[in-house]
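Colleague: Hi! Could you walk me through a protein model? I'm new to this, so plain words would help.

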Amino acid sequence: MNIGKMLKSKAVQNGMWLYVLQLFNTVIPLITLPYITRILGAAEYGVFSIAFNLIGYFQVVVEYGFAMSGARKASLSKGIDELHKTFTAIMLSRLLLCFLCFLAALGYSSLFMHSKKQSFCLLLLFLIPLGTVFQQTWVFQGLQKMQYITITSVISRIVSLICIFVLVKDKNDLTLYCICYSITTVLIGVIGTFLAITKLKLRLVKITVKDVIEEIKTGWYVFTTSLSAKIFSTFGITILGIMATEYEVGIFSAIQKIPGVMMLAWFPIGQVLYPISSKRMTDSYLEGRKYVKNIRNKIVPVFMLGIICVALPAKLIVAISFGKEYAEYFYIMYPLLAWVLLGILNNFKGIQVLLAGGYSKEYSKCFQVGVFSNVVLDIVLIKFWRVIGAALALAISELILSVLLSMQIFKLDKKFCKEKEKGECDTI
């Protein structure tokens, strides 16, 4: 394939659109975080992080894994009528889940949050799961029309960026920051729904309660996996909020953003690969495995080089990014960078092989065991070592998950290779 044809391919174009998006997703935090961590200070940023951490769980519930299960349905859809039905079922399911989460947020705020500031931040940040109700990323990803995701996200993030710098001026502006931060998700949802209706011609159709229940059942294993992934990455903050100070929560939350930016660089690759992997794994497990392995061997070394480049000047990077009060905790970067590398490898194993191949149940089971390990490690390690314990728990838990996923894939390889010639299975 020549360069001209390659550039016209849908996969390459989608990848380019998503990298434009990720440029904004990467650059904007690099601009706002150094400003916010200095303006608010570690303690106030810790208050925000505790509330935002809880909102993250509600957002996962509202999302419910439809980004994956819905995308797979869209990529395999046989017509517009089927898309209409999926579109309606997902919207109604999210509205129901959002209402239940709002009740849970009110209950949690009144029973467990003793700080009025934290409670108020929690309620303001609930705009995020509300905006998630209307996000249509699943259909744009499934139909490989990534330009719509990019357009909506870029516009929304620019608006949020302007609001943060115009309105947030000192540590007393924490509530304003919560509103400015939440605007992004709300705008992405509103604009995304508008584009889905006007450009893709999607519309709400009459469906039954049974259809909604079926959609929720379809996404169950993906949801439990998404919730487990959220616990993997944020449960440490939850435990820190209980066992440590708001200051320490702020320190950990800020430094964790640096490896998080590296994960953002991986995100568009995973999104572009998933619909392709789904089709290849559906057509042939063995050929799909070979495809995923080939892509993995080309991409992972690039990220390993990036991780080394960040690890060497870690203290300097933390000091420049967030300020001197954060720099003395630079050492927590090292287990967090290991967590990033293992997370990328686990995406190839879990998302691109198991989930893309339709093995949602097997994928979910691995996470259920892995998340239990994460919870135990967080409680034990944070109790003794505070912020470094939270970082170590992430890395060790991701390693345990990697082993579990490898064992599951080994079983599938053995099953599909049983009736094949040995040479056909040597490359997977």
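Colleague: Let's start with the basics: how many helices and how many strands does the secondary structure of the protein come to?

Modeller: The count is 18 helices and zero strands. Please keep in mind that this is a predicted model.

Colleague: Okay. What box do the C-alpha atoms fill?

Modeller: Taken along the principal axes, the box is roughly 65 × 50 × 45 Å.

Colleague: And how does the radius of gyration fit with a compact globule of 428 residues?

Modeller: The two agree, because a compact globule with 428 residues would have a radius of gyration near 22 Å, and the protein has 21 Å.

Colleague: What percentage of the residues count as buried?

Modeller: Of the 428 residues, 53% count as buried. As for the outside, the accessible surface comes to about 19600 Å², and 69% of that belongs to carbon and sulfur atoms.

Colleague: What about contacts between residues at least 6 apart in sequence: what share joins residues at least 24 apart?

Modeller: That share is 85%.

Colleague: New topic! How many cavities of 30 Å³ or more does the structure hold?

Modeller: There are three of them. Let's look at the second largest cavity, which has a volume of about 40 Å³.

Colleague: Which residues line the second largest cavity?

Modeller: Its lining is made up of Gln135, Gln136, Thr137, Phe140, Ile149, Thr152, Ile188 and Gly192. Three helices give two or more residues each to this lining: α7 (137-142), α8 (146-167) and α9 (174-198).

Colleague: How does that lining split by class: nonpolar, polar and charged?

Modeller: The lining of the second largest cavity has three nonpolar residues, five polar ones and no charged ones.

Colleague: Switching to the backbone: what is phi of Lys201 near?

Modeller: Phi of Lys201 is near 60°, which is a positive value in a residue other than glycine. You can find Lys201 in the loop between α9 and α10 (209-218).

Colleague: Is Lys201 buried or exposed?

Modeller: Lys201 counts as exposed because its relative accessibility is 56%, and the cut-off for exposed is over 50%.

Colleague: And where is Arg386 found?

Modeller: Arg386 sits in helix α17, residues 360-417. Arg386 also has a positive phi, about 55°, although it is not a glycine.

Colleague: What is the relative accessible area of Arg386?

Modeller: Its value is 31%, so Arg386 is partly exposed. That label covers what lies between under 20%, called buried, and over 50%, called exposed.

Colleague: Thanks, that helps!

Key. Residues are numbered from 1 along each chain as its sequence is written. This is a predicted model: local features need pLDDT of at least 70, side-chain atom pairs count only at pLDDT 80 or more; totals for chains, interfaces and linings use all residues. Side-chain values use heavy atoms; hydrogens and water are left out. On a 1 Å grid over the protein atoms alone, a cavity is a set of points where a 1.4 Å probe fits but cannot get out, and a pocket is an open set with protein on both sides within 12 Å along at least five of seven lines; lining residues have an atom within 4 Å of a point. Grid points are joined across faces, edges and corners, and a volume is the space filled by probe spheres set on the points. Helices (H or I, at least four residues) and strands (E, at least two) are DSSP runs, numbered from the N terminus. Ala, Val, Leu, Ile, Met, Phe, Trp, Tyr, Cys and Pro count as nonpolar, Asp, Glu, Lys and Arg as charged, and the others, Gly among them, as polar. The radius of gyration is taken over C-alpha atoms; the globule rule is 2.2 Å times the number of residues to the power 0.38. Buried means under 20% relative accessible area, exposed over 50%, partly exposed in between (1.4 Å probe, protein chains only). Contact means heavy atoms within 4.5 Å. Accessible areas come from the Shrake-Rupley method with a 1.4 Å probe; for residues, only the protein chains shown count as cover.
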